[in-house]
Amino acid sequence: MNKLQSDRRTSQERSERKRVAEAPEVAPTVPRARHGEKTGAELAEERSPAKGNMGQQNAHRTQGRARALSALDRVRKVAKEDKNAKFTALFHHITIDALDEAFFSMKKKAAAGVDKMTWWEYERDHERKLKDLHARLQRGAYRAKPSRRVLIPKPDGRQRPLGIAALEDKIVQRAVAQVLNAVYEVDFMGFSYGFRPGRSQHNALDALCVSLYTEPVNWVLDADIRGFFDAVDHEWLITFIRHRIADKRILRLIQKWLRAGVVENGRRRPTEVGTPQGATISPLLSNIYLHYVLDLWTHQWRNRHAKGAVTIVRYADDFVVGFQYCSDAEMFQRDLAARLRKFKLELHPDKTRLIEFGRFAAQNRAERGAGRPEIFTFLGFQHICSETKKGKYMVRRRTIPKRMQTTLKAIHKTLLRLRDLPAAHVGKWLGAVLRGYFAYFAVPTNMHSMGSFRDQVIRHWRHSLRRRSQKDGTTWARMRHLCVRWLPYATVQHPWPSERLRVTT
């Protein structure tokens with residue numbers, strides 16, 4: 001009996017040694033990084049954790065995002081190869097990783113919607129909340145909340161209605177927009193620049209300037225659609241989207257956001273038309289609407305009806321069309337008004353103008369005794385027919401004076417409110433304001449306006465310092481010292497349009 005037990009024990013030990021020897025080598029387990037801790041690689045490189053990786057294992061998020069991007073690349077490839085393809089299965093791309101990526105790409109200091117939920121409050125337990133949000137999306141229990149409407153003053157004294165969506169609505173809209181962009185970015189026309197990935201306002205300004213230089217443009221139609229975001233027809237919009245999207249769950253989500261309504265002064269009001277300005281999905285929906293209403297039609301019109309050259313640059317609902325012949329410009333304006341009426345839109349009568357503009361505009365108007373060429377505005381700049389010192393044609397861009405005065409008035413009010421704070425604190429804030437202003441408006445040919453803007457900011461600052469007491473002795477010598485210390489000088493922040501456009505294209 002003892003010998004039998006001994007032989008059995010020896011056989012078991014031999015089997016165990018053989019199993020261990022044949023087993024593959026296993027790497028030691030790396031503990032999961034806790035919330036706020038750095039991983040080994042980030043500690044070695046002495047850098048902060050990557051944005052959006054807090055509280056999750058970096059390898060998992062990277063692999064998940066890589067899989068998502070690979071899947072969207074396949075969608076983009078199909079959309080590019082087949083312009084008539086309809087996508088029936090896109091909803092499965094709205095994954096937890098996609099929602100997580102959308103959440104961490106949001107602005108942390110953005111205003112809260114009707115749910116009064118801020119980014120920081122949602123971030124405390126975001127993994128559980130995103131899983132719950134994803135589960136509600138999958139079983140159809142997700143409900144869109146109405147947008148909170150606020151009124152933003154415009155430079156002309158009117159007020160622009162802005163809709164602030166609830167936080168979870170922003171997350172889902174951002175994730176859906178990423179999926180839809182994979183389809184529509186290959187469809188949108190090259191002259192469309194508004195709210196598109198990799199395209200900015202300065203790209204649109206560069207394209208406009210280069211076309212005014214290189215194309216035979218003699219007439220310019222400066223057009224604006226009246227109340228576009230409030231006039232978008234929901235039925236037409238869904239019809240346009242169905243040309244490419246046949247996934248009923250995606251369409252149902254978009255319809256929920258369109259019909260969610262707005263809350264103003266504590267009262268909920270349904271929305272039958274329009275898309276709320278400020279919603280994450282609205283820029284994409286507006287581009288889809290104008291792609292079918294304006295862009296495709298304009299491209300066909302200039303190929304079929306125009307006798308001369310026609311060029312167009314569009315940013316959202318603001319667009320500029322250049323023509324070689326006046327007859328083309330007048331016919332296009334008439335046809336455009338009829339086209340927009342068909343889709344419940346209309347041109348703004350005060351902001352839409354047909355003017356003579358181009359290389360020979362000054363000479364032609366001088367021969368007729370009509371004076372200097374008119375000016376048109378686009379994306380915050382006045383565009384002026386001018387000449388270089390050698391007499392060559394040049395398009396000069398200048399900040400719209402009314403917009404600059406509005407900014408200066410806002411700075412003046414803030415300075416009066418901050419006058420009791422130390423000069424260093426106010427100077428640091430003013431420096432940030434000037435740097436942000438120069439980052440947009442400091443283009444070539446606009447340095448005179450930038451220098452004037454800086455000088456007026458200095459005067460407003462001195463006025464606020466002297467208001468601190470009746471015996472304040474803030475002299476100009478002291479102001480020069482403060483300005484050298486805190487305020488940047490006006491320098492050109494952008495290359496010439498032709499140079500940057502050559503690099504970007």
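Arginine 148 has isoleucine 164 as its bridge partner in S2, and this pair belongs to the antiparallel pairing of S1 with strand S2 (residues 159-164), which extends over 6 bridges. The model in which these pairings are found is a predicted one. Strand S1, spanning residues 147-153, also pairs in the parallel sense with strand S4 (residues 262-264), here over 2 bridges; within that pairing, serine 147 has valine 262 of S4 as its bridge partner. S1 thus takes part in an antiparallel pairing with S2 and in a parallel pairing with S4.

These strands belong to a protein with 19 helices and 11 strands, in which 45% of the 505 residues count as buried. If one considers the contacts between residues at least 6 apart in sequence, 70% of them join residues that are at least 24 apart.

A second pairing to follow is that of S6 with strand S7 (residues 318-323), which are joined in the antiparallel sense over 6 bridges. Valine 313 stands opposite valine 320 of S7, and the hairpin formed by S6 and S7 leaves 2 residues between the strands, with alanine 316 adopting a positive phi near 60°. In a regular strand, side chains alternate between the two faces of the sheet. For S6, both faces are covered, since Val310, Ile312 and Arg314 on one side are buried, as are Thr311, Val313 and Tyr315 on the other; accordingly, 6 of the 6 residues of S6 are buried.

Threonine 311, which has its place in strand S6 (residues 310-315), allows this burial to be examined at the level of a single residue. Because its relative accessibility is 16%, and the cut-off for burial is under 20%, threonine 311 counts as buried. Leaving aside residues up to four places away in sequence, threonine 311 touches Ser211, Val217, Arg302, Val320, Val321 and Gly322. Val320, one of these contacts of threonine 311, is also the residue that valine 313 stands opposite in S7.

Further along the chain, 3 strands make up an open sheet with antiparallel pairing, in the order S9-S10-S11. Strand S9 (376-378) and strand S11 (393-399) occupy the edges and have a single partner strand each, so that one side of each remains without a neighbour in the sheet. From one strand to the next, the twist averages 40°. Strand S10 (residues 381-387) is joined to S11 by 7 bridges, the two running antiparallel, and glutamate 387 stands opposite tyrosine 393 of S11. Helix H8 (residues 201-214) lies across S9, S10 and S11, and runs at about 155° to S11.

The last feature is a packing of helices. Two packed helices are described by the angle between their axes and by the distance between the axes. Helix H16 (residues 423-441) and helix H18 (residues 476-486) pack at an angle of about 55°, and their axes are 9 Å apart. As that angle falls outside the ranges that count as roughly parallel, roughly perpendicular or roughly antiparallel, H16 and H18 are therefore oblique to each other; their crossing is right-handed. On the H16 side the contact is made by Ala423, Ala424, Gly427, Lys428, Gly431 and Arg435, while H18 contributes Arg478, Leu482 and Trp486. Divided by character, the residues of this contact of H16 with H18 comprise 4 nonpolar, 2 polar and 3 charged.

Terms used
Residues are numbered from 1 along each chain as its sequence is written. This is a predicted model: local features need pLDDT of at least 70, side-chain atom pairs count only at pLDDT 80 or more; totals for chains, interfaces and linings use all residues. Side-chain values use heavy atoms; hydrogens and water are left out. Two strands pair if DSSP finds at least two bridges between them. Helices (H or I, at least four residues) and strands (E, at least two) are DSSP runs, numbered from the N terminus. Axes are lines fitted to C-alpha atoms, for helices over the stretch in contact, and angles run from 0 to 180 degrees between N-to-C directions. Angles under 35 degrees count as roughly parallel, over 145 as roughly antiparallel, 65 to 115 as roughly perpendicular and the rest as oblique. A crossing is left-handed if the near helix is turned anticlockwise from the far one by less than a right angle, and right-handed if clockwise. Contact means heavy atoms within 4.5 Å. Ala, Val, Leu, Ile, Met, Phe, Trp, Tyr, Cys and Pro count as nonpolar, Asp, Glu, Lys and Arg as charged, and the others, Gly among them, as polar. Buried means under 20% relative accessible area, exposed over 50%, partly exposed in between (1.4 Å probe, protein chains only).
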